[in-house]
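Me: I've got a protein model open and I'd like to learn how to read it. Can you walk me through it, one feature at a time?

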Amino acid sequence: MNFNLKIWRQKNSSTPGKFVDYSVKDIAEDTSFLEMLDILNEELIAKNEEPVAFDHDCREGICGMCSLHISGEPHGPKRKVTACQLFMRSFKDGESITVEPWRAEPFPVIKDCIVDRSAFDRIIQAGGFVSASTGSAPDGNAIPIPKKDADLAMDAASCIGCGACVAACKNSSAMLFVAAKVSHLAHLPQGKVERKERVLNMVAQMDKEGFGSCSNTYACEAECPKGISVAHIGFLNKEYLKASLS
Amino acid sequence: MVLDAKIPEGPIEKKWYNHKFNLKLVNPANRRKHRIIVVGTGLAGGAAAASLGEMGYEVVAFAYQDSARRAHSIAAQGGINAAKNYRNDGDSVYRLFYDTVKGGDYRAREANVYRLAELSVNIIDQCVAQGVPFAREYSGYLDNRSFGGAQVSRTFYARGQTGQQLLLGAYSALARQVGLGTVKMNARHEVLDIVVIDGRARGVIVRDMVTGEIERHSGDAVVLATGGYGNAYYLSTNAKGCNTTAIWRAYKRGAFFGNPCFVQIHPTCIPVSGDHQSKLTLMSESLRNDGRVWVPMKKDDPRKPNDIPEEERDYYLERRYPAFGNLVPRDVASRAAKLECDNGRGVGASKMAVYLDFADAIKRQGKAKIEEKYGNLFDMYQEITDENPYEVPMRIYPAVHYTMGGLWVDYNLMTTLPGLFAAGEANFSDHGANRLGASALMQGLADGYFVLPSTLSGYIGGTDLPKVSTDAPEFAEAEKDVRDKIDRLMSVKGDKSVDYFHKHLGKILWDKVGMGRNEAGLKEAISEIRELREDFWKNVRVLGDTNELNQSLEKAGRVADFFELAELIAIDALHRRESCGGHFREESQTEDNEAKRDDENFSYVAAWEFKGLNEQPELHKEELTFEYCKPSQRSYK
């Protein structure tokens, strides 16, 4: 398969970037999107041109490192996959594809398609945990948890922190990311003790980082590679309201 | 030098208890005066950094990813073992200990393994308390599944994402400490050398991967929790960034390297599909709970799997190993798959694959149940191969997955370089020659949450550690080494990419230091690796600048270290003229192709000492004694 690529190139955070056109040829359909970029990069190196920088690590859809905006959608056209698990068979032969970094003010571009997502870490540091220091735990079965609650918590906990929800949102809202963590911990008895402080502190940090508000377009859920439901955002709002009023 | 493993006296079930009492302590008020450097923040490093921070130490942590939440521990799928005996099926600390020593083919240290089994129960408690959403039964109690090499159900899991959930648990504990100011987290930083002052590890040289700045950091102790070195093989289930650099630098600074040839090749991975492939994807071992492995009876059978009738299929694991069936340990399952493919019964386009079939399980339990247990794995398989595993059997083949070898450590997890500790996959300690499934998560967390907080305190409390300055000549010298290496890589200006060399190195290792190894092949491998390394230093092309983010430079530095390590893997494999665990020497096998161990001559840990590049490293032996698990030829029949 052949493709025309339009890729965002930016030397560093202080230099303006621009789209550059490339083309790749004879790509096998079972090549992953990142492997297609690997092939392009090998060609660029052969031509003495600097390869395209992009974040990636596990390449099996779980680490959340890859973060490419592909033809207008975070992680590309296919639902519920990360860019590393997107295969070229999902595109048409000869198709033109644009590749750019996440576009959101709290995620500044570092180079080419790499952005700085440390704002997410700071939100978790503000309260996305249970304060259970090592050594203080009772027996695992001392806290029975209804299967339904455990499953719900697990649904929320499967967030990989990639930031596609923010990139998909016209307001760069991080509500789905924050909601997933708040919901995960509030559905478990272990997380109930600190639930009020948690939601207040995490939301405060989210606002401080400059993420926008939620306007219920559900683009975040549609683009989330793990299919995390916007129902968690409703839950977050309820948690926040309850904590603010008490 | 005589290797002293510092195994405590007394009966095995009392060793850790007594040792903790005998270790020196550091007064809570004094802990903040001691800075500890933690390199790598996956399960072992993240858990250690968080726990040490909670105790009050000043912790400085480094990770090459953009966040501690991305470490490759996250990719572990199936589960974590713990000797809870919640199933009432005869499990105990002693049985987990026994299974692990046996599973490791009697090449692990008994005292360490016993401690690991003992701590396994605390890990589950700790993780539950953090809010890790383990799978539950309808009663609300914790659920379990079975894993290879065990006849009890002791594996705790969170769907097929156990590693992710445990890592997020450790990450959240770490995040809490970062917020409290006890841990300073440095993401996108790569440690490039260890600084040794007066014979002790006292600091690291680090490259800020965004600005390219080279930094000096000093401390009272250094912990390396940097994972394994499977990426030396290029294609592996490791993340693309996993590397050997920190532990290799440590080796060159005086830490011995233990059992480098013990590399685990995992039986159930998605087969290689073409030259463009950049990594291999694991399909969790937990699938072997319900999936049945088979090949067609006939060689080169052209039929589709569902057209091959039951009586023309060979469920070779069930046939050869009736007691354990599809749940034999990984090394046994991998070799069996290779044997079937070598005999011409492989399937798929490449003929280098076997089937893992769920048809019976779906018939028995229903599709919904299978989907609940393995849904995300089935989805991933379908994404990659474009085949529906609910309808067609999966195709699987072994791939490099985990390295049992690593820096040699004593019972305190300290390397032969005083003040330098190694935890998790980066050390060699607990898995012998083969790791059992669901034991890597267990070991990483045991080391991080429970072992290091005690033993590191013991070291700091019992050692006179004068303050060191980053202006010391040792820092300047180490920094110069790092800068020189970067300059050298940039100035080659050759005509071949880093990946070109890495792929070739990987092919040499896979072909000659892979699932089957022999003397002639290993000797060839050593000379081919040397030739290719010379070529690398003459012809590699690294573009871009050193003073900004440069992924080619990062890769080049890592591959340069893989070249040196690859030679040591082959040297170790050549010297060990026995088959054990993941190390299969073709010269040492039984008539029915089972591995033949040689306890008389090789019942030791091979700890290698660096003697200079192109010099033969010196072999030190830690003899292994088995007081509790008497070595026998491993049988899973």
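Me: How many residue pairs are in polar contact across the interface of chain A and chain B?

Reply: This is a predicted model, and the rule finds 52 such pairs there, both residues at pLDDT 80 or more. On the side of chain A that touches chain B, the elements giving two or more residues include α1 (33-46), β6 (109-111) and α5 (175-186) of chain A. Helix α3(A) gives the most, with seven residues. By type, that side divides into 38 nonpolar, 19 polar and 21 charged residues.

Me: And how many salt bridges cross the interface of chain A and chain B?

Reply: The rule finds 11. One to look up joins A:Lys111 and B:Glu548, whose closest N and O atoms are 3.3 Å apart.

Me: How do people put a size on an interface?

Reply: Often by the accessible area lost when the parts come together. Here chain A and chain B bury about 6,300 Å² between them, 50% of it on carbon and sulfur atoms. In chain A, the residues that lose the most area to chain B are A:Glu60, A:Lys147 and A:Met154, together 11% of what that side buries. If you'd rather count residues, 78 of chain A are in contact with 73 of chain B.

Me: What about the nonpolar residues?

Reply: In soluble globular proteins, nonpolar side chains tend to be buried together. The largest nonpolar core in this model has 246 residues, and B:Ile80, B:Phe134, B:Leu224 and B:Leu420 touch the most other members. Helix α15 (residues 551-575) of chain B supplies the largest share of this core, 13 residues. Try clicking on B:Phe134: among the residues it touches are A:Ala150, B:Ile80 and B:Leu166. There's also a second, separate core of 27 residues, which includes A:Phe33 and A:Leu86.

Me: Which parts of chain B does the pair B:Lys84 and B:Asp125 tie together?

Reply: First find the salt bridge itself, with its closest N and O atoms 2.6 Å apart. B:Lys84 lies in the loop between β3 (80-81) and α3 (93-103) of chain B, and B:Asp125 in helix α4 (residues 110-130), so the pair ties together parts that are 41 residues apart in sequence.

Me: Are B:Lys84 and B:Asp125 buried or exposed?

Reply: Both are buried. For another pair, look at B:Arg533 and B:Glu567, which meet in a salt bridge at 3.1 Å, N to O. B:Arg533 sits in helix α14 (residues 519-539) of chain B and B:Glu567 in helix α15 of chain B, 34 residues apart. These two are buried as well.

Technical notes: Residues numbered from 1 in each chain as written. Chains lettered and ligands numbered in written order. Predicted model: local features only at pLDDT ≥ 70, side-chain atom pairs only at ≥ 80, totals over all residues. Heavy atoms only, no water. Contact = heavy atoms within 4.5 Å. Buried area = accessible area lost by both parts, 1.4 Å probe. Salt bridge = Lys/Arg side-chain N within 4 Å of Asp/Glu carboxyl O. Polar contact = N/O pair within 3.5 Å; in protein donor to acceptor, adjacent residues only side chain to side chain. Helix = DSSP H or I, 4+ residues; strand = E, 2+ residues; numbered from the N terminus. Nonpolar A, V, L, I, M, F, W, Y, C, P; charged D, E, K, R; others polar. Core = buried A, V, L, I, M, F, W, Y, C linked by side-chain atoms within 4.5 Å. Buried < 20%, exposed > 50% of the residue type's maximum accessible area, 1.4 Å probe, protein only. Lists of a residue's contacts leave out its neighbours within four places in sequence.
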